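These are my notebook entries from a first look through one structure. I wrote down what I looked up, one place at a time.

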Amino acid sequence: MLFHNIAIIGSDGKTKKNMNVRIDGAFIASIEPCNCDLTDAQKREKDVYDGSGKLLIPGFFNNHSHVPMTLTRGYGEELALEDWLYKRIFPFEALLTEEDVYWGSMLGIAEMLRSGTVSFTDMYMRIQGIFRAVMETGIKASLSNGLTGDDTTVLEETAWYRETEQMRRDAEASDGRVIANASLHAQYTSVPALVRAIADYARENNLRMHVHLSETEHEHEQCKELHGKTPTTYFTELGLFDVPTTAAHAIYIEGEDYDLLRDQGVTLCHMPSSNLKIGSGLADVKSWRDHGIRVTIGTDGAGSNNNLDMIEEVTLASYLAKGIHRDPLLFSTGELLTFATRNGALAQGREDTGLLEPGFRADLAVVDMNALHFQPMYDYGTSLFTNANASDVALTMVDGRILYRDGEFTTIDIEKVIWNVYRVRDEKLAQLNA
Ligand SMILES: [Zn+2]
């Protein structure tokens, strides 16, 4: 396939216009300046994409999500966090079957593909339902069940263990599209012995770790009271960060936490919409970056966002940093793009993607810059995280395969998906109200 006469953006954020980008199989074969008229041979090629007025970017890596939570989108608005979780979300989730999780995942993945996301890092339960959706749709994912438990929990006897073991086998047969992770839900939903057990399991089985870290002031301060140390120090001492880890939120990290996270190569994931909507607070991403910590962006679940739109998330991250530090130079387009693409790929352990360069995997998105809100156009690159929104994404490609183009999904029957998520919603509400 040839993207003909298209603008591209480099990891430095600089735009190059009038380029030809050739895809060969799953990889980017070449990127060259075009002489903007199609040759006769190119006109006969059926896979030539007219890129005029469009920007080709590396696809987004959504580095923290709970993808089946699309099923609870809008369920329990205008409630305080405790009531939202304990009165709405947990009772609803307790009723979900693997099949329900599959339908919620299909909807979430459709929304991600619709908005240029090529891979996501997820934490949920009944994760074989998510695996099935990932395999059918063609997206990439790092999947895990978030472990919770107390002093009576034996790791090998949990649903977590069963699902994680199964996911390791499933991932082996996924051509590298799915990576099995170990994940711990959080410090406050576990106990030290369990943290040690999951850390040992991850190390022995060579798995990456995923965890919620210092998301609320309450959990952060309570850990200090209970254990005399911050969650970061607590996890460090228990060995949780001995394997490559992505930690989500990290709003309340402080003092030595920064150096501990950097020295152990922990990636932090920023989710400004969720942090704001559920009133958790404001993460200081500039300090993360200044301490040399790898920064990534995620959407969190659709229950607390409420969308899975990475363009909105990156734009919000940019504007918040500008406002908090009163510095309009935070962050450059190149940095923002790196947070949302290459850094996410590296956090997932995918060295061969996340960059728009020959030899890298063709995990890409096309943003159509012809809409009214781009006019008049000065620069494609700097318009990405200022003017663009999810509906401007015209095409999403994973491993050289087009999964979304101009309103159509190539692997998803979206009407069937929507019919089924309504069916699941109505079934669960009937059960809850019985
Ligand atoms: Zn989360």
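**Entry 1, the zinc site.** I began with two histidines in this predicted model, and I found that His66 is buried and that His212 is buried as well. Both belong to the zinc site, where I listed His64 (NE2), His66 (NE2), His212 (NE2) and Asp300 (OD) as the residues that coordinate the ion, at 2.1 to 2.6 Å. I then looked up where the two buried histidines sit: His66 is in the loop between strand E6 (60-65) and helix H2 (81-94), while His212 is in strand E10 (residues 208-213), so this pair ties together parts of the chain that are 146 residues apart in sequence. Written as a spacing pattern, the donor residues of the zinc ion follow H-x1-H-x145-H-x87-D.

Why is the arrangement around the zinc ion irregular? I noted that the angles subtended by the four donor atoms run from 81 to 171 degrees, whereas a tetrahedral arrangement would need all angles to lie between 85 and 135 degrees.

**Entry 2, after strand E10.** I followed the chain to Ser214, which lies in the loop between E10 and helix H7 (217-227). Ser214 is not a glycine, and yet I read a positive phi of about 40 degrees for it. Its relative accessibility is 0%, so I entered Ser214 as buried.

**Entry 3, helix H8.** How many of the eight residues of helix H8 (residues 231-238) are buried? I noted seven, so the helix is largely enclosed by the rest of the structure. The buried residues in H8 are Pro231, Thr232, Thr233, Tyr234, Phe235, Thr236 and Leu238. When I looked up what they pack against, I found strand E9 (178-184), helix H6 (192-204), E10, H7 and helix H9 (257-263). E10 is thus a packing partner of H8 and also the strand that holds His212. Just after H8, I noted that Gly239 takes a positive phi of about 85 degrees.

**Entry 4, another positive phi.** I went back to the start of the chain for Asn5, which is found in strand E1 (residues 2-9). Asn5 has a positive phi of about 55 degrees, although it is not a glycine. I entered Asn5 as buried because its relative accessibility is 14%, and the cut-off for that word is under 20%.

**Entry 5, cis peptide bonds.** I looked up the bond from Gln375 to Pro376, which is cis with omega near -5 degrees, and placed Pro376 in the loop between strand E14 (364-368) and helix H15 (380-383). The bond from Asn305 to Asn306 is also cis, with omega near 10 degrees, and Asn306 lies in the loop between strand E13 (295-297) and helix H12 (310-325).

**Entry 6, a buried threonine.** Which residues does Thr353 touch, not counting residues up to four places away in sequence? I listed Phe61, Arg342, Ala345, Phe360, Arg361 and Asp363. Thr353 is in the loop between helix H14 (342-347) and E14, and with a relative accessible area of 0% I entered Thr353 as buried.

**Entry 7, the surface.** Last, I looked up a nonpolar surface patch of about 250 Å², which is made by Leu276, Leu282 and Ile324. Of these, I placed Ile324 in helix H12, and I noted a relative accessible area of 38%, which means that Ile324 is partly exposed.

Methods:
Residues are numbered from 1 along each chain as its sequence is written. This is a predicted model: local features need pLDDT of at least 70, side-chain atom pairs count only at pLDDT 80 or more; totals for chains, interfaces and linings use all residues. Side-chain values use heavy atoms; hydrogens and water are left out. Donors are N, O and S atoms within 2.8 Å of the metal (3.2 Å for Na, K and Ca); water is not among the atoms, so sites may look incomplete. Four donors count as tetrahedral if all angles lie between 85 and 135 degrees; four count as square planar and six as octahedral if opposite donors are over 155 degrees apart and all others between 65 and 115; anything else is irregular. Buried means under 20% relative accessible area, exposed over 50%, partly exposed in between (1.4 Å probe, protein chains only). Patches are made of residues with over 30% relative accessible area and no salt bridge: like charges are joined within 9 Å, nonpolar side chains (Val, Leu, Ile, Met, Phe, Trp, Tyr) within 5 Å. Accessible areas come from the Shrake-Rupley method with a 1.4 Å probe; for residues, only the protein chains shown count as cover. A salt bridge is a side-chain nitrogen of Lys or Arg within 4 Å of a carboxyl oxygen of Asp or Glu. Contact means heavy atoms within 4.5 Å.
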